[in-house]
Amino acid sequence: MEKVTVPVILGPTAVGKTGLVLELAEAMGYEVVSCDSRQIYRYMDVGTAKPSASERARVRHHLVDILDPSEGYSAFAFAGDALRVMRAARKIGKKILICGGAGLYYHILVNGTAPLSGEGSAPVREHRSPPDDMEFRTVVVNRPRDVLYNRINERVDAMVAQGLWEEFLALRQMGYAEASPGMICLGYRELFAVERGDIGLSRAVELIKQNTRHYAKRQLTWFRNKTGADWVDISDEKKSGPELKEWLLK
């Protein structure tokens, strides 16, 4: 079987992947598979910086809003879901690109998994081989560290202005608790202390900013050590936009 080349755009949180990929995908006829461990959850729109309904109307996004916050998910499950989406799209002539920041999701999709031992009480999991009908071409988009951190801080402030606390309260009213898989996500888990009265909202916002900056740093370290990808600085949009379009056309 002839292999299809699948472009992958990775990047740390708040770097600007959504807007960039939206423009590229719309201009070049791609649909997007979201490689994001938080945007899979329904009802969690503000705190996950999920593409808006109007943005998803412009470009179809797969694997967004597929689970309730009470449901668990894994990189192994993501790989199976993503491959199913991409193979179905290929059959009807659709082009797919992958975009996100979940490094382990990407790793399992591209490289598969080693089999787990079935001896004794060890868990047994189906072994997943790397897909033999696809090859992945990966780029990491980034900005200077100080710029990225400023973007993180500004985005968290914007989330608060857009109703992050109100979204959290709505999720709590729906019955999602501190141990719910969706609620352990950055931007939500810090708000339980506010609900309990342990800290004020302003302190929680500072913690969200701090924890998100730390997360972005870990993402960048993982991308450098694990992906072997090309890197593009997107701080100059006039330069990086054409550069990425050329990369997609290769």
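In this predicted model, strand β2, which spans residues 30-35, is largely enclosed by the rest of the structure, because six of its six residues are buried. The enclosure concerns both faces of the strand: Tyr 30, Val 32 and Ser 34 are buried on one side, while Glu 31, Val 33 and Cys 35 are buried on the other. This division into two sets of residues can be read against a general pattern, since in a regular strand the side chains alternate between the two faces of the sheet.

The neighbours of β2 within the sheet can be followed strand by strand. With strand β4, formed by residues 95-100, β2 pairs in the parallel sense, and six bridges connect the two; within this pairing, Val 33 of β2 stands opposite Ile 98 of β4. With strand β3, made up of residues 61-62, β2 also runs parallel, here joined by two bridges, and in β3 it is His 61 that serves as the bridge partner of Val 32. To get from β2 to β3 the chain passes through helix α2, residues 53-58, and the resulting β-α-β crossover is right-handed.

The last residue named on the second face of β2, Cys 35, leads to the question of how many disulfides the structure holds. The structure holds zero disulfides, and for Cys 35 the nearest cysteine sulfur, belonging to Cys 99, lies 8.6 Å away. A disulfide is a covalent bond between the sulfur atoms of two cysteines, and the criterion applied here requires the two sulfur atoms to be within 2.5 Å. Cys 35 is itself buried, with a relative accessible area of 0%. For Cys 185 the closest cysteine sulfur is that of Cys 35, at 14 Å, and the sulfurs are therefore too far apart for a bond. Cys 185 is likewise buried, its relative accessible area being 9%.

A further buried site is found outside the strands, at Thr 13, which is placed in the loop between β1 (4-10) and α1 (17-28). Thr 13 counts as buried because its relative accessibility is 9%, which falls under the 20% limit used for that class. What does Thr 13 touch, not counting residues up to four places away in sequence? Its contacts are Leu 148, Ile 152, Arg 155, Thr 212, Tyr 215, Ala 216 and Gln 219. With one of these residues, Arg 155, there is also a polar contact, made between the side chain of Thr 13 and the side chain of Arg 155 at 2.5 Å.

Terms used. Residues are numbered from 1 along each chain as its sequence is written. This is a predicted model: local features need pLDDT of at least 70, side-chain atom pairs count only at pLDDT 80 or more; totals for chains, interfaces and linings use all residues. Side-chain values use heavy atoms; hydrogens and water are left out. Buried means under 20% relative accessible area, exposed over 50%, partly exposed in between (1.4 Å probe, protein chains only). Helices (H or I, at least four residues) and strands (E, at least two) are DSSP runs, numbered from the N terminus. Two strands pair if DSSP finds at least two bridges between them. A crossover is right-handed if, with the strands pointing away from the viewer, the path from the first strand over the helix to the second runs clockwise. A polar contact is a pair of N or O atoms within 3.5 Å; within protein, one must be able to donate a hydrogen and the other to accept it, and residues adjacent in sequence count only if both atoms are side-chain atoms. Contact means heavy atoms within 4.5 Å.
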